[in-house]
Amino acid sequence: MSKKNWPLWEVFVRSKNGLEHRHCGSLHAADAEMAMSNARDVYTRRSEGVSIWVVESSNILASNPENNGEMFEPAADKVYRHPTFYDLPDEVKHM
Amino acid sequence: MTNNTLANDALPSGNMSTGQLEDLHKYLLGIADNSLILGQRLGELCGHGPSLETDIALTNISLDLFGQVRSYFQYAAQIIADDKVTEDSLAFLRIEREYRNVLLVEQPNTDFGYTIARQFFFDAFHFLFLKELENSKDETLAAIAKKSIKEVSYHWRFSSDWIKRLGDGTQESHDRIQEAVNDLWMYTDELFHQTDADKEMIAQGIGVDTLAIKKSYYKMITEVLEEATLAIPESKYWHKGGKQGIHSEHMGYILSDMQYMQRTYPNMEW
């Protein structure tokens, strides 16, 4: 028997109260239809969601951890980019 | 345990004679036992499915079936004037001859092909059966059917999808699913057999006239088998007996597994 695996798919599920789809895991499937049906069985069997997206993992371009220095560190020491220097009036809620 | 809160006099069964109630009781067991034994068979695959995803899918189906079984058994226990009969005693404490499931559902898992073919043959029947049962004059039965049919539509989608994938897949998958289809074909006719209790319930407008859905059944499965590039078996030899309590050699093993806990530790709960 061949040891070849089906391609990997990433699963995004929107919960009943959620506004956006969230990544919840990955699974193997031969094609998109099977990925959808597997996602339903693996990730929504305890009524976690009302909508599913699946995308083949190879279609995702991920940032390379080796480049983390140039990608993310420049943002680390620039506190003036955070809007924390304003006094908010009490009337403004949920900021 | 959730209790069925329907009062007895709210049911059509409230006006039934003792004999009719016994027939209804038998009728309920006939429907429930199919799902119980098939659910048990699928449960055996928990942790043993061909892939994590199909493993979970098959055990999901198993749990759907057990959920339906509970509704039937609760109702069956409710209409019988014997306090010792409960949903649990019906599931775990009957002897082999008292189970009324068809032979198809007790057939072994053998391999993924057999598991899918068995499921496919049962799901098509189950779907058509529940669709009719929704019109039952018995409101409890109609309600159970209405709730179950969403689950069973998915089961049918799952199994017929796999029949097509395997049949129209590689040469090996094609040959193996064809073999499973050929071997299990002879168990399909029994799905439509009617016991005396079945006939009584059909006459009352409570039961489903299985003969009336037989043609749709074979049409439904033939379409999928053809799309899957599989040959339709021509054999007209049919196995039967389960509905009369005469089971295949597999049944004893299923029950000894399934009943072990209640037989060894009577009345245990967890």
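Entry 1, helix 1 of chain A against helix 2 of chain B. I looked up how helix 1 (residues 32-43) of chain A lies against helix 2 (residues 52-78) of chain B: the axes come within 9 Å and cross at roughly 65 degrees. I note that the model is a predicted one. I recorded the crossing of these two helices as left-handed. From helix 1 of chain A, I listed A:N38, A:D41 and A:V42 as making the contact, and from helix 2 of chain B, I listed B:L52, B:E53, B:I56, B:A57 and B:N60. Sorted by class, I have 4 nonpolar, 2 polar and 2 charged residues in this contact.

Entry 2, helix 2 against helix 6 within chain B. I then took helix 2 of chain B with helix 6 (residues 139-167) of chain B, where the axes come within 11 Å and cross at roughly 160 degrees. Because angles over 145 degrees count as roughly antiparallel, I logged helix 2 of chain B as roughly antiparallel to helix 6 of chain B. I entered this crossing as left-handed. In the contact, I found residues of helix 2 of chain B, among them B:T54, B:D64 and B:Y75, meeting residues of helix 6 of chain B that include B:T140, B:E151 and B:W162. I noted a division into 11 nonpolar, 6 polar and 2 charged residues for this contact.

Entry 3, helix 5 against helix 6 within chain B. I looked up helix 5 (residues 112-133) of chain B last; its axis and that of helix 6 of chain B come within 7 Å and cross at roughly 145 degrees. I put this crossing down as left-handed. For the contact of helix 5 with helix 6 of chain B, I wrote down 18 nonpolar, 8 polar and 2 charged residues.

Note on methods: Residues numbered from 1 in each chain as written. Chains lettered and ligands numbered in written order. Predicted model: local features only at pLDDT ≥ 70, side-chain atom pairs only at ≥ 80, totals over all residues. Heavy atoms only, no water. Axes fitted to C-alpha atoms, helices over the stretch in contact; angles between N-to-C directions. Helix = DSSP H or I, 4+ residues; strand = E, 2+ residues; numbered from the N terminus. Left-handed = near helix turned anticlockwise from the far one by under 90°. Contact = heavy atoms within 4.5 Å. Nonpolar A, V, L, I, M, F, W, Y, C, P; charged D, E, K, R; others polar. Parallel < 35°, antiparallel > 145°, perpendicular 65-115°, else oblique.
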